Amino acid sequence: MVKYYCCAGLLKSTWDQVCIAFWQRYPNPYSNHVLTEDIIFREVTPANCLISRRLLTKTSRAPRWMERYLPKHMASSAYIIEDSVVDPQKRTMTTLTWNISHARLMSVEERCQYRINPENGSWTEIKREAWISSNVYGLTRAIQEFGLARFKTSVTKTMKGFEYVLAKMQGETPSRTLAETATERARETALAAKEKAKDLASHAQKKQYV
C-alpha cells in the first residue's frame, strides 16, 4: 500500500530566478541536514533541455522505535538521488527524488514541477507530489504516517530555504525571525509526528499478539 500526498506552492520570484536558486539553495539555514551534494552526470539534450542527476547525503535521525530495524551505521544518514530536467522552451523544471538508503524500511518518492504562474508571470508555482510506502509487516501504517509527517515538515523547510536564497540573490536581507519561527514549527511537527507514530506502532504490535 502506498500513501499519496499532493500540495502546491508559490514563490514570488520569476521562473528564471527560481531555477538559478535551485542550484544554489545549499547551504541555507533551513537545510542543515544536507551534508553533501555531488553531480553524477549532466548533459544538454538536442532539444536544449538540461538533464542532471545528483547524489545528496543527508542526516536522517530515525525515531527510537524505528532504529531497531536499521543497521547502526545507517541510522543517522540517508542517501538521496535527485533527477532534474530543465526545459527552457516550455519554461518548466521537473525534479524526481527518491531514497536509496533505508528503502526496504520506507520508500519516499517526490516529483516536483516548477512552472510560471498563469495569473502572474513574475511568480513561479510548484506542484509537489509524494509517494510513501513501507513493507514492514505490522508497522506499515505507523511508518507511512511518520514518513508523511516528516515530508510535510521538509516541504516547509524547503520553501523557506528557497525564499532565503532568493532574497540573498536579490540583495535583500533574509529575515532571521522567519528562520527561528520555521525551526520552532518544524520541531513541534516532528514531536507530534513522533508521538503519533509511537501510538500507531504500539497499537500495531499489540494486534500481532491478539
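Biologist: How many bridges join strand β4 to strand β5?
Modeller: This is a predicted model, in which local features need pLDDT of at least 70, side-chain atom pairs count only at pLDDT 80 or more, and totals for chains, interfaces and linings use all residues. Residues are numbered from 1 along each chain as its sequence is written, and side-chain values use heavy atoms, with hydrogens and water left out. Strands (DSSP runs of E, at least two residues) and helices (DSSP runs of H or I, at least four residues) are numbered from the N terminus, and two strands pair if DSSP finds at least two bridges between them. Strand β4 (residues 77-87) and strand β5 (residues 92-99) run antiparallel, and the bridges that join them number 8.

Biologist: Which residue takes a positive phi in the hairpin of β4 and β5?
Modeller: Within the paired strands, S84 stands opposite T95 in β5. The hairpin has 4 residues between the strands, and the residue with a positive phi near 60° is R91.

Biologist: Which residue in β5 does I81 stand opposite?
Modeller: On one side, β3 and β4 pair in the antiparallel sense over 10 bridges, and there L55 stands opposite I81 in β4. Towards β5, the residue that I81 stands opposite is W98.

Biologist: How many of the 11 residues of β4 are buried?
Modeller: A residue is called buried under 20% relative accessible area, exposed over 50% and partly exposed in between, with a 1.4 Å probe and protein chains only. Of the 210 residues of the protein chain, 43% count as buried. Strand β4 is mostly covered, and the number of its residues that are buried is 9.

Biologist: By how much are neighbouring strands of the sheet turned against each other on average?
Modeller: The open sheet has 7 strands in the order β1-β7-β6-β5-β4-β3-β2, with antiparallel pairing. Its edge strands, β1 (2-11) and β2 (34-44), each pair on one side only. With direction ignored, the average turn between neighbouring strands is 15°.

Biologist: What angle does the direction of helix α3 make with that of β1?
Modeller: Contact means heavy atoms within 4.5 Å, while axes are lines fitted to C-alpha atoms, for helices over the stretch in contact, with angles running from 0 to 180 degrees between N-to-C directions. Helix α1 (residues 15-24) packs on the sheet, with β1, β2 and β3 (50-59) among the strands it touches, and its direction makes about 150° with that of β4. Helix α3 also packs on the sheet, touching β1, β6 and β7, and its direction makes with that of β1 an angle of about 15°.

Biologist: Which residue's backbone oxygen does the side chain of Q144 reach?
Modeller: Q144 lies in helix α3 (residues 140-169) and is buried, with a relative accessible area of 2%. Not counting residues up to four places away in sequence, Q144 touches several residues, including M1, V2 and S133. At 3.3 Å, its side chain reaches the backbone oxygen of I132.

Biologist: How far is C7 from the nearest cysteine sulfur?
Modeller: A disulfide is a pair of cysteine sulfur atoms within 2.5 Å, and by this rule the count comes to 0 disulfides. C7 is in no disulfide, and the nearest cysteine sulfur, that of C6, lies at a distance of 6.5 Å.

Biologist: What is the relative accessible area of C49?
Modeller: C7 is buried, with a relative accessible area of 17%. C49 is buried as well, and its relative accessible area is 12%.

Note on methods
A polar contact is a pair of N or O atoms within 3.5 Å; within protein, one must be able to donate a hydrogen and the other to accept it, and residues adjacent in sequence count only if both atoms are side-chain atoms.
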